Amino acid sequence: MFRFSSSALARITKSILFPGPVSVPYSVVADICNYPLFLDGCERVEVLTSGSTDQDDEKYGREGSELVTAKITVGFGGNTYEMTTRNQNRYLERISVVMLEGPFESFKGDWLFTSFGVQGCQIDIELSYSVSGILGKALKLVQGKIVDKTVSSFTKRFDWVLSTKEEPG
């Protein structure tokens, strides 16, 4: 579903049903260093900082929140773009992404993970961004294809990880 407001803010939502444990899609999305292996256009990822955000989680040995800052290099339309993001990962529940620097005027996204136990899980993706200039015009023309291809790439990676029974990381 695509909705545009008069302020040129694009909002995109997608849902994926996955017939495996929630740990598989969560680990694929959280493992940003492997994005260049399966996402077209993703040329490089550099993790700048990474660490736990909740001392109680570390103290009691629980999986909790992790804050990751990374620089992602993407090729699009014959050009190369860099984007620095801050990702807050809440283990098996949510990954929230906010752009700190990059080609967009604003960019944020959420991956929400819902486990259905042995029935599998659901992944809801919510993105919003605004961009202007030539990049903005180009994105408006192809954003549906880019989103569909990206979701398809993630889904194929989820399936591959499930079939090999080895989670990335």
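A contact here means heavy atoms within 4.5 Å. With that in place, I'll go through this structure, which is a predicted model.

Start with the contacts. Taking those in the protein chain with a separation of 6 or more, 49% are between residues 24 or more positions apart.

Next, the secondary structure. The protein chain has 4 helices and 8 strands. Reading from the N terminus, the order is β-β-α-α-β-α-β-β-β-β-β-α. So that you can follow it on the screen: the order opens with two β elements, and it ends on an α element.

Now burial and surface. The protein chain has 169 residues, and 39% of them are buried. Its accessible surface is about 9800 Å², with carbon and sulfur atoms contributing 51% of that.

The rest is about aromatics. How many aromatic pairs does a search of the whole structure find? The search gives 10. One aromatic pair is Phe104 with Phe107, at 5.2 Å centre to centre and 45° between the planes. Why is this pair called tilted? Planes under 30 degrees apart would count as stacked and over 60 as edge-to-face, so 45° falls in the tilted class.

Are the two residues of that pair buried or exposed? Phe104 has a relative accessible area of 17%, and because buried means under 20%, Phe104 is buried. Phe107 comes in at 16%, so Phe107 is buried by that cut-off as well.

Last item, the aromatic cluster. Phe18, Tyr35, Phe38, Trp111, Phe154 and Phe158 together form one cluster. That's what I have.

Notes:
Residues numbered from 1 in each chain as written. Predicted model: local features only at pLDDT ≥ 70, side-chain atom pairs only at ≥ 80, totals over all residues. Heavy atoms only, no water. Phe/Tyr/Trp six-rings, centres within 6.5 Å; stacked < 30°, edge-to-face > 60°. Buried < 20%, exposed > 50% of the residue type's maximum accessible area, 1.4 Å probe, protein only. Areas by Shrake-Rupley, 256 points an atom, 1.4 Å probe, with all protein chains shown as cover.
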